[in-house]
Amino acid sequence: MQQRIGIKLRILLSLIALVSSVSSAASEDTIAVTIYDFPPDIINSKTKPAGPLTDKMKQIMKSAGLSIQWLQSSLAEESVMLSGGSRPFCTTGRIYSNMRVVKDNWIFLPYTLHTLAGDALLVHHKNLNKFARFNHITEVFEADTLTGVFISDVSYGSNIDSYLNKTPERFDRSASSTDQIIAMVSNRRADYGIVSAEYWRDSLRKNQHYDQLVDLADQISLFKNGNVNLHLACSRAVPSTILARIEAAMQQLGFPKSPEKIQSYITQTIPPK
């Protein structure tokens, strides 16, 4: 009996050692990347992630010789994990600040990953009088006579989400895409919609019918105005050799050098002569 137990124990320990060695080997060529809906730059995060940011991450990691393991998260959870620094992973882009490096212990790579265009606030031209008295988007959200259209089951960031959750009756969450938001405002099935300004300009070029819509972002202040640069951020647990590979890939692929003063990880991994 004891002999059988001893044999089973040795087999179990051997299997554990094998799994451990496989996991260790895989981790050298695999990088976890946090993912969550961030339309239109990231969509379908829980099923088949797509969008400009996911495309860029796939391109970078492939060039770095790394496979991506998507890690379901939220913006808040991602921030906590970055500050904790114990779990090795990278992100699909965060806004750089010196405080996040010095105080929160985040790592940024010295290239601009993506530039977010400001948002557009779309309104049908026949509804402009409804918005004449507003100066900030929060006033629009608080108006019980207006209905805004948003994509279902996605996060728009803490500022907007707080309104969507507090007074859901003022918001139509039936849209399945940015295109549907634009179409619903165009058909006057909703009073307004918020979409990426870059996406809106591209849609307007393709569909002249949308010229009946007006972007009120110049009149009404939004939470995201103007262009914002995102940098590839990683936790402190990611080895410097992996960071150097990712940075070298971004350099080789022609990503623009960041205007921020961010240290390079390539130079740190080159042995002295």
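Two strands count as paired here if DSSP finds at least two bridges between them, and the strands themselves (E, at least two residues), like the helices (H or I, at least four), are DSSP runs numbered from the N terminus. The model on screen is predicted, so that local features need pLDDT of at least 70 and side-chain atom pairs count only at pLDDT 80 or more, while totals for chains, interfaces and linings use all residues. Residues are numbered from 1 along each chain as its sequence is written, and side-chain values use heavy atoms, with hydrogens and water left out.

Begin with the open sheet, in which 5 strands follow the order E6-E5-E7-E4-E8 with mixed pairing. E6 and strand E8 (213-215) stand at its edges, and because each has a single partner strand, one side of each is left without a neighbour in the sheet. On average, neighbouring strands of this sheet are turned by 35° against each other, direction ignored; the axes behind such angles are lines fitted to C-alpha atoms, for helices over the stretch in contact, and angles run from 0 to 180 degrees between N-to-C directions.

Next, select strand E5, residues 148-151, where Gly148 and Phe150 point one way, Val149 and Ile151 point the other way, and all are buried (under 20% relative accessible area, with exposed meaning over 50% and partly exposed in between, for a 1.4 Å probe and protein chains only). In a regular strand the side chains alternate between the two faces of the sheet.

Add strand E6 (residues 171-175), which runs parallel to E5 and is joined to it by 3 bridges; Gly148 stands opposite Phe171, and Ile151 has Ala175 as its bridge partner. Then show strand E7 (residues 192-196), also parallel to E5 but joined by 2 bridges, with Gly193 as the bridge partner of Val149.

Now bring in the helices. Helix H6 (residues 158-166) lies across E5, E6 and E7, running at about 105° to E6, whereas helix H7 (residues 178-186) lies across strand E4 (119-124), E5, E6, E7 and E8, at about 145° to E7.

Finally, move to Lys257, in the loop between helix H9 (240-252) and helix H10 (266-269), which counts as exposed because its relative accessibility is 52%. Lys257 touches Pro110, Tyr111 and Thr112, leaving aside residues up to four places away in sequence, where contact means heavy atoms within 4.5 Å. Leu109 lies 148 residues from Lys257 in sequence, yet their C-alpha atoms are 9.6 Å apart in space.
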